[in-house]
Amino acid sequence: MSRRVFTLSALSALAAAGGGAAACGTGAPRSGTAARAAAGRPAPEAGRAPRAPAEMRGVWLATVTNRDWPSRPGLTAAAQRGELTAHLDKAVRDRLNTVILQVRPTADALWPSPYEPWSECLTGRQGRNPGWDPLGTAVREAHARGLELHAWFNPYRIALHADPTRLTASHPARRHPDWVVPYDGRLHYNPGLPEVRAFVQRAMLDAVARYPVDAVHFDDYFYPYPVAGQTFDDADAYDRHGGSFGSRAAWRRDNIDRLVREMAAGIERVRPGTRFGISPFGVWRNAATDPRGSDTQAGVQTYDDLHADTRKWVRENWIDYVVPQLYWHIGHADADYAKLAAWWAGTARGTRTHLYLGEALYKAGAAEEPSAWQDPVELSRHLTLAAAHPQVRGHVFFAAKEVAADPVGAMARVVADHYGRSAKPPR
């Protein structure tokens with residue numbers, strides 16, 4: 001997730017309200033890796049300690065607002081490379097096997113994209129060439145260390161401000177102002193426009209075509225999180241394209257469904273075998289809203305508020321893996337980690353969608369968090385609890401800065417208790 005710290009102020013408000021954290025067709029399964037069975041236990045390599053059974057051991061590496069990397073904009077190319085490889089080396093030391101690198105944080109790019117400008121997180125100025133290829137380097141260096149590299153994209157976020165003139169002059173959002181919706185002090189592409197959906201897919205698939213990334217990864221941002229008293233103004237798009245739907249909400253969900261299914265097909269077309277995963281906010285719907293939902297009282301529900309039918313994507317095998325952001329502690333009154341882990345395990349049961357759980361490492365020891373998070377053992381308990389559900393095939397930790405610093409030793413405890421042997425990610 002679900003991402004994350006750059007919206008913590010908003011998500012804190014959701015927590016107070018009970019939130020806690022931070023497409024059309026037949027539903028046929030994909031022909032790529034989503035249709036393959038999980039790997040079994042590999043044979044031990046000669047001269048090396050035996051591997052644990054295959055499981056996801058991942059870390060998110062966020063670049064938006066320089067959250068995890070680079071530590072600040074404007075570093076030399078050599079310094080940026082050094083910080084990047086330090087994160088990869090730390091993942092190896094902690095016996096992780098996957099790094100999920102944010103490569104398109106705000107309608108920009110960490111590779112030489114013909115569609116969108118270079119990201120300002122690199123140089124401090126959007127569109128300025130950093131003098132090296134961060135994504136290409138990340139893929140090469142991760143693979144050299146035996147790590148998978150998943151390319152993390154945000155489809156519709158343009159900017160964390162609402163001033164189009166601050167975007168580089170050639171930015172697609174400036175050339176197509178009719179694609180843009182200001183909301184919550186930010187700029188967003190309108191998911192209801194077919195031309196927007198086609199463009200963002202081309203922009204993201206360019207990276208897949210150029211680099212042998214192991215997976216494409218979306219986070220929890222589809223339609224933006226709701227803000228009281230504000231309206232996401234997509235009325236014109238709804239008038240033009242929503243006539244066959246009974247409500248604007250149903251039309252919006254179909255727009256996101258279409259993005260997911262079309263992106264899955266595009267990945268398979270451009271680089272067959274590349275996986276597709278999504279890490280949504282951890283609550284699909286509360287049981288009080290829908291009997292199929294979880295025993296929670298969350299203030300946000302992805303189906304209703306973000307117009308993301310995450311349960312359908314899993315049940316219909318539209319994606320290869322799902323990483324719900326379960327950023328609550330065990331026993332949380334409104335969103336109990338234990339109840340949500342069980343709900344997601346039940347949702348994934350009988351599907352070909354792998355289930356990994358998103359873990360809030362950033363909360364461990366944080367002064368503003370409740371007492372459960374002051375205990376360095378809380379996250380280790382999550383892994384112990386999840387092991388009772390065979391559908392849970394691993395965990396992903398938010399985020400790399402906390403993996404590196406580990407201020408209260410929560411990650412060290414996870415490694416000591418659960419990662420005594422190396423493991424390959426499931427396939």
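Two strands count as paired if DSSP finds at least two bridges between them. The model on screen is predicted, and the tour starts with its strands.

**Stop 1: strands 7 and 8**

Select residues 215-218, which are strand 7, together with strand 8; they pair in the parallel sense over four bridges. Within this pairing, centre the view on His-217, which stands opposite Gly-277 in strand 8.

Now keep strand 8 (residues 275-278) and look at its two faces. Arg-275 and Gly-277 lie on one side, Phe-276 and Ile-278 on the other, and all of them are buried, so both faces of the strand are covered.

**Stop 2: on to strand 9**

Add residues 321-322, strand 9. Strand 8 is joined to strand 9 by two bridges, and the two run parallel. The residue to pick here is Ile-278, which stands opposite Val-322 in strand 9.

**Stop 3: the nonpolar core**

Select Tyr-189, Phe-218 and Phe-276 next. These are the residues with the most contacts inside the largest nonpolar core, a set of 122 residues. Then show helix 6 (residues 194-210), which gives the most to this core, with eight residues. In soluble globular proteins, nonpolar side chains tend to be buried together.

**Stop 4: the antiparallel sheet**

Show strands 4, 5 and 6. They form an open sheet in the order 4-6-5, with antiparallel pairing. Its edge strands are strand 4 (157-159) and strand 5 (180-183), each of which pairs on one side only. From one strand to the next, the twist averages 35°.

Zoom in on strand 5 and strand 6 (residues 186-189), which run antiparallel and are joined by four bridges. One pair to label is Tyr-183 and its bridge partner in strand 6, Arg-186.

**Stop 5: Arg-315**

Finish on Arg-315, in helix 10 (residues 310-315). Is Arg-315 buried, partly exposed or exposed? Its relative accessibility is 36%, so Arg-315 counts as partly exposed.

Leaving aside residues up to four places away in sequence, Arg-315 touches Gly-346, Thr-347, Arg-349 and Thr-351. Two of these can be checked with the distance tool: the Arg-315 side chain reaches the backbone oxygen of Thr-347 at 2.8 Å and the backbone oxygen of Arg-349 at 2.9 Å. For a last distance, pick the C-alpha atoms of Arg-315 and Thr-353: they are 7.7 Å apart, although the residues are separated by 38 residues along the chain.

How values were computed: Residues numbered from 1 in each chain as written. Predicted model: local features only at pLDDT ≥ 70, side-chain atom pairs only at ≥ 80, totals over all residues. Heavy atoms only, no water. Buried < 20%, exposed > 50% of the residue type's maximum accessible area, 1.4 Å probe, protein only. Contact = heavy atoms within 4.5 Å. Polar contact = N/O pair within 3.5 Å; in protein donor to acceptor, adjacent residues only side chain to side chain. Axes fitted to C-alpha atoms, helices over the stretch in contact; angles between N-to-C directions. Core = buried A, V, L, I, M, F, W, Y, C linked by side-chain atoms within 4.5 Å.
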